[in-house]
Amino acid sequence: MQDERWNHPLYTATAINDEGLEGHAYIPGGLKVQTSSPMNDHPGTNPEQLLGLSLSTCLEATLEAVEKEHGLPHTGAVRVKVAFIGARAEYQFLVHAQVMVKGVDFDTAKAFTNEIENRCPVSKLLKNSGNYTIETVTDFKD
């Protein structure tokens, strides 16, 4: 049975990959991305990069909205690191996000981080996986 929430989406995207990891993924009538494995030097992007871009964009857009709701200029930035770990048939991603908000005290920045973690749809999708962490930082660090 189909989830009823599909009946009234705000937006729907369809992504297709029919060529595998060494090929292309595309949005019908739109974006086409060359894909490749992170384990070689072939041209193209990989799932780790796409996940990092998705999460960083979602968190950043949510942070911008939170700053605006508090009457603040947008000064925040988000950095996401994705690691590919494991062994054959047990591969996993580790995802770590860093949130930096300039122009506010650290406690306010931490409150904003907590809020965006719980509002960003991509973050909500990842947060109970056990492989996702998020932290507030004053400077980006490895």
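**Stop 1: two strands side by side**

Welcome! Start by selecting strands E4 and E5, which run parallel and are joined by five bridges. Before going further, keep in mind that this is a predicted model.

Now show the side chains of E5, residues 132-136. Which of them are buried? Tyr132, Ile134 and Thr136 point to one face of the strand and are buried. Thr133 and Glu135 point to the other face and are not buried. Follow the strand from one residue to the next and you will see this alternation.

Keep Glu135 on screen and add Gln98, which stands opposite Glu135.

**Stop 2: the loop between E3 and E4**

Next, find strand E3 (76-85) and strand E4 (92-101), and select Arg88 in the loop between them. Is Arg88 buried or exposed? Arg88 counts as exposed because its relative accessible area is 75%, and the cut-off for exposed is over 50%.

Move along to Ala89, in the loop between E3 and E4 as well. Ala89 is exposed too, with a relative accessible area of 68%. Look at its backbone: Ala89 has a positive phi of about 70°, although it is not a glycine. Why point this out? Most residues other than glycine have a negative phi.

If you would like to try the distance tool, pick the C-alpha atoms of Arg88 and Gly44. These two residues are 44 apart in sequence, and their C-alpha atoms are 22 Å apart in space.

**Stop 3: a cluster of rings**

Select Phe84, Tyr91 and Phe93, which ring pairs link into a cluster. In total, the structure has two aromatic pairs. One of them is formed by Phe84 and Phe93, with 6.3 Å from centre to centre. How are their planes arranged? The pair is tilted, with 55° between the planes.

Both of these rings belong to partly exposed residues: Phe84 has a relative accessible area of 34%, and Phe93 has one of 28%.

**Stop 4: charged partners**

Time to look at charges. Side chains of opposite charge can pair when their charged atoms come close. How many salt bridges does a search of the whole structure find? The search finds three.

Begin with Asp3 and Arg5, whose closest N and O atoms are 2.5 Å apart in their salt bridge. Asp3 is partly exposed, at 32% relative accessible area, whereas Arg5 is exposed, at 67%.

Now select Arg119 and Glu69, a salt bridge with its closest N and O atoms 2.9 Å apart. This pair links distant parts of the chain: Arg119 is in helix H2 (residues 106-119) and Glu69 is in helix H1, 50 residues apart. Arg119 is partly exposed, with a relative accessible area of 32%, while Glu69 is exposed, at 51%.

Leave Arg119 selected and add Glu115. These two also form a salt bridge, and their closest N and O atoms are 2.7 Å apart. Both lie in helix H2, four residues apart, which is about one turn of the helix. Glu115 is partly exposed, at 25%. Through shared partners, salt bridges join Glu69, Glu115 and Arg119 into one network.

**Stop 5: the largest pocket**

Go back to Asp3 and Arg5, which are among the residues that line the largest pocket. To see the rest of the lining, add Trp6, Pro9, Leu10, Tyr11, Thr12, Ala13, Thr14 and Ala15. The volume of this pocket is about 450 Å³. What kinds of residue make up its lining? There are six nonpolar, two polar and two charged residues.

**Stop 6: the second largest pocket**

For the last stop, select Leu50, Leu51, Leu53, Ser54, Thr57, Cys58, Pro121, Val122 and Leu125, which line the second largest pocket. The elements that give two or more residues to this lining are helix H1 (47-69) and helix H3 (121-126). Which element gives the most? That is H1, with six residues.

About 300 Å³ of space lies in this second largest pocket. Colour its lining by class and you will find seven nonpolar residues, two polar ones and no charged ones.

Conventions
Residues are numbered from 1 along each chain as its sequence is written. This is a predicted model: local features need pLDDT of at least 70, side-chain atom pairs count only at pLDDT 80 or more; totals for chains, interfaces and linings use all residues. Side-chain values use heavy atoms; hydrogens and water are left out. Buried means under 20% relative accessible area, exposed over 50%, partly exposed in between (1.4 Å probe, protein chains only). On a 1 Å grid over the protein atoms alone, a cavity is a set of points where a 1.4 Å probe fits but cannot get out, and a pocket is an open set with protein on both sides within 12 Å along at least five of seven lines; lining residues have an atom within 4 Å of a point. Grid points are joined across faces, edges and corners, and a volume is the space filled by probe spheres set on the points. Ala, Val, Leu, Ile, Met, Phe, Trp, Tyr, Cys and Pro count as nonpolar, Asp, Glu, Lys and Arg as charged, and the others, Gly among them, as polar. Two strands pair if DSSP finds at least two bridges between them. A salt bridge is a side-chain nitrogen of Lys or Arg within 4 Å of a carboxyl oxygen of Asp or Glu. Rings of Phe, Tyr and Trp (its six-membered ring) pair if their centres lie within 6.5 Å; planes under 30 degrees apart count as stacked, over 60 as edge-to-face and the rest as tilted.
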